[in-house]
Amino acid sequence: MKKIFIWLFFVSLASADVEKGFDVYKTHCAGCHSVKMEGSMGRDFNLVSYERKKEDIFSYIVDPAGNYKRFGYSSNAMPKIALKPQEVNDVADYIDSLQKFKKWMKKN
Ligand code: HEC
């Protein structure tokens, strides 16, 4: 049920804004996630962008505790951050924009 709500949230939002997403990133995520492969507590968002679909990135931000197992983590250290749905959409779009080529585009 929760998943359906997250999905509805996701599709009902206005189109995302990558520049606003970068501002959200700087304010709320940069303490734990790098974007130039400097390394930090959480994964660099280039790796996330390459491996994850935007809707999964969105779900993780909305509910880290409910998603960490599905993402392959054995524990959850990322807090749930109080963001507006539009801010989540913008930052998810920003992360998605970092890598143009995605893992699932590979054919083998
Ligand atoms: C206090 C540190 C911290 C902050 C702040 C933080 N994260 Fe995280 N994040 C983590 C850690 C640690 C993980 C690894 C899994 C876990 O502990 O939940 C993670 C995992 C993730 C994942 C899953 C990555 C993957 O591909 O496996 C996404 C997506 C994510 N964070 C997005 C964000 C976004 C977007 C923000 C800002 C709005 C943010 N995080 C803020 C620490 C943080």
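Q: Which element gives the most to the lining of the largest pocket?
A: Ground rules before the answer: this is a predicted model, where local features need pLDDT of at least 70, side-chain atom pairs count only at pLDDT 80 or more, and totals for chains, interfaces and linings use all residues. Residues are numbered from 1 along each chain as its sequence is written, and side-chain values use heavy atoms, with hydrogens and water left out. A pocket is an open set of points on a 1 Å grid over the protein atoms alone, where a 1.4 Å probe fits and protein lies on both sides within 12 Å along at least five of seven lines; lining residues have an atom within 4 Å of a point. With three lining residues, the top contributor is α4.

Q: How many helices does the protein chain have?
A: Helices are DSSP runs (H or I, at least four residues), and strands (E) need at least two; both are numbered from the N terminus. Along the sequence the pattern reads α-α-α-α-α-α. There are zero strands, so to speak an empty column, and the helix count is six.

Q: How much space lies in the largest pocket?
A: Its 25 lining residues include a group closest to the centre: His33, Gly42, Arg43, Tyr60 and Met78. Two or more lining residues come from each of α2, α3, α4 (54-62) and α6. The volume is the space filled by probe spheres set on the grid points, which are joined across faces, edges and corners. That comes to about 560 Å³.

Q: Which residues coordinate the iron atom of the ligand?
A: Donors are N, O and S atoms within 2.8 Å of the metal (3.2 Å for Na, K and Ca), and since water is not among the atoms, sites may look incomplete. The protein's contacts to iron are made through an NE2 and an SD atom, at 2.0 to 2.1 Å. They belong to His33 and Met78.

Q: How many residues apart are histidine 33 and methionine 78?
A: This pair, which coordinates the iron, links distant parts of the chain. Histidine 33 sits in the loop between α2 (18-29) and α3 (45-51), whereas methionine 78 sits in the loop between α5 (64-67) and α6 (85-98). The separation along the chain is 45 residues.

Q: What arrangement do the six donor atoms around the iron make?
A: Six donors count as octahedral if opposite ones are over 155 degrees apart and all others between 65 and 115. Here the angles at the iron atom run from 86 to 179°, so the arrangement is octahedral.

Q: Is histidine 33 buried or exposed?
A: Buried means under 20% relative accessible area, exposed over 50%, and partly exposed in between (1.4 Å probe, protein chains only). Methionine 78, its partner at the iron, has 23% and is partly exposed. Histidine 33 has 14%, so it counts as buried.

Q: How many residues of α4 are buried?
A: Across the 108 residues of the protein chain, 36% count as buried. In α4 the buried ones are Lys54, Ile57, Phe58, Ser59, Tyr60, Ile61 and Val62. The helix is mostly covered, and out of its nine residues the buried count is seven.

Q: Within what arc do the buried residues of α2 fall?
A: In α2, Gly21, Val24, Tyr25 and Cys29 are buried. Seen down the helix axis, they line one face, because the arc (taken from the directions from the axis to the C-beta atoms) is narrow enough to count as one side, at 105°.

Q: How far is the C-alpha atom of glycine 21 from that of aspartate 90?
A: Glycine 21 is found in helix α2. With 0% relative accessibility, glycine 21 counts as buried. Aspartate 90 is 69 residues away along the chain, yet the C-alpha separation is 4.2 Å.

Q: What is the C-alpha distance between alanine 77 and glycine 42?
A: Alanine 77 lies in the loop between α5 and α6, and its relative accessible area of 57% makes it exposed. Glycine 42 is 35 residues apart from alanine 77 in sequence, and in space the distance is 8.9 Å.

Q: Which residue other than glycine has a phi near 60°?
A: The residue lies in the loop between α2 and α3. With a relative accessible area of 49%, it is partly exposed. The positive phi belongs to methionine 37.

Note on methods: Tetrahedral: all angles 85-135°; square planar, octahedral: opposite > 155°, others 65-115°.
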